[in-house]
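The following exercises concern a single predicted model. Each task is followed by a solution that proceeds step by step.

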Amino acid sequence: MTIAIRQIHPVFVGEVSGIDVSRPLSREEVAALEAGMNRYAVLVFHDQRLTDEQQMAFSRNFGTLEDARGGNITKPEDRRLQVGMNDVSNLGRDGAPMARDSRQRLFNLGNMLWHSDSSFRPVPAKYSLLSARIVNPVGGNTEFADMRAAWDALDAGTQAEIEDLVCEHSLMYSRGLLGMLEYSEEERAMFRPVRQRLVRTHPVTGRKSLYLSSHAGSVVGMPMPEARILLRDLTEHATQPRFVYGHRWRPWDLVMWDNRQMMHRVRRYDEGQPRDMRRTTVAGDAATVAQVSAA
Ligand SMILES: [Fe+2]
């Protein structure tokens, strides 16, 4: 089999054929997929029947797996999946859809806001890989927005104005947008804001991209309302339909994206029906800007 990648959106997204990712890959195959990621930033694979172990093994071709601790309010004893797997289903440990008032479910609704995975970590994620195990019958598409195209389309004045800005990101900012404002002391410490550049440069291609996320809630040195308006305005710009691809899931689809160049969100779905989606996350290798140590 030979890997082939076909672009399926006017500005990004490649559909990959000629590969079975449940098997060990050759160095050439990994290089072809890395090159595809650098170019298309989102790769779609169909009919990949993976176990969690196979998904983790495939993901490790692209770096080390991110330590998921500190990224959710789910307690260890309530976890459905093993360490290394991010559970982005609507299922509880018992395998049934979570209750409507479940705090864990309400927190997870934040995935329906545009974001970049782990932008709330000092070293944010490189790639995310999402495997569809049970597809919800109603809704639940995942949308991706190309932050490189969004940067390219800004006028030169705006580019110069924002290029060196630094934002603060926290899960409390994104969940605050949904009206979730109450956290324990432990959660507050875990979700302490981190700094990220607003504009990133891809380490291989040199392309610039906006680094937006609903986790971004302030801009260093800027009054809060001014920062929020700027971030909202840029997000509206960056998520125009021409920069967005909507993925309609089929069982055993695997979609892999570069968080350094993309934002994504899940669309609403029937929460009474199961949606079993399992994510692995490849850790980034550097912070985007120096952190300020806590006083
Ligand atoms: Fe996400």
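**Exercise 1.** Determine which way the residues of E13 point and whether they are buried or exposed.

*Solution.* Leu-254, Met-256 and Asp-258 point one way from E13, while Val-255 and Trp-257 point the other way. In a regular strand, side chains alternate between the two faces of the sheet. All of these E13 residues are buried, a term that means under 20% relative accessible area, with exposed meaning over 50% and partly exposed in between (1.4 Å probe, protein chains only). Since five of the five residues of E13 are buried, the strand is largely enclosed by the rest of the structure. Strands (E, at least two residues) and helices (H or I, at least four) are DSSP runs numbered from the N terminus.

The model is predicted, local features need pLDDT of at least 70, side-chain atom pairs count only at pLDDT 80 or more, and totals for chains, interfaces and linings use all residues. Residues are numbered from 1 along each chain as its sequence is written, and side-chain values use heavy atoms, with hydrogens and water left out.

**Exercise 2.** Place E13 in its sheet and identify its bridge partners.

*Solution.* Begin with the strand order: E1-E2-E3-E13-E5-E15-E4, an open sheet of seven strands with mixed pairing. Two strands pair if DSSP finds at least two bridges between them. Strand E1 (4-7) and E4 are at the edges with a single partner strand each, so one side of each has no neighbour in the sheet.

Next, take the pairing with E3 (residues 42-45): four bridges join this strand to E13 (residues 254-258) in the antiparallel sense. Here Leu-43 stands opposite Met-256, and Phe-45 has Leu-254 as its bridge partner.

Then turn to E5, which runs antiparallel to E13 and is joined to it by five bridges. Tyr-127 has Asp-258 in E13 as its bridge partner.

Finally, add the helix: H1 (residues 27-40) lies across E1, strand E2 (14-17), E3, strand E5 (127-134) and E13, and runs at about 125° to E3. Axes are lines fitted to C-alpha atoms, for helices over the stretch in contact (heavy atoms within 4.5 Å), and angles run from 0 to 180 degrees between N-to-C directions.

**Exercise 3.** Describe the surroundings of Arg-228.

*Solution.* Arg-228 is found in helix H8. At 37% relative accessibility, this residue counts as partly exposed. Leaving aside neighbours within four places in sequence, Arg-228 is in contact with Tyr-173 and Gly-217. The C-alpha atoms of Arg-228 and Arg-267 are separated by 23 Å, and the two residues are 39 residues apart along the chain.

**Exercise 4.** State which elements supply the lining of the second largest pocket.

*Solution.* A pocket is an open set of points on a 1 Å grid over the protein atoms alone, where a 1.4 Å probe fits, with protein on both sides within 12 Å along at least five of seven lines; lining residues have an atom within 4 Å of a point. H6, strand E11 (216-219) and helix H8 (224-238) each supply at least two lining residues of this pocket. H8 gives the largest share, six residues.
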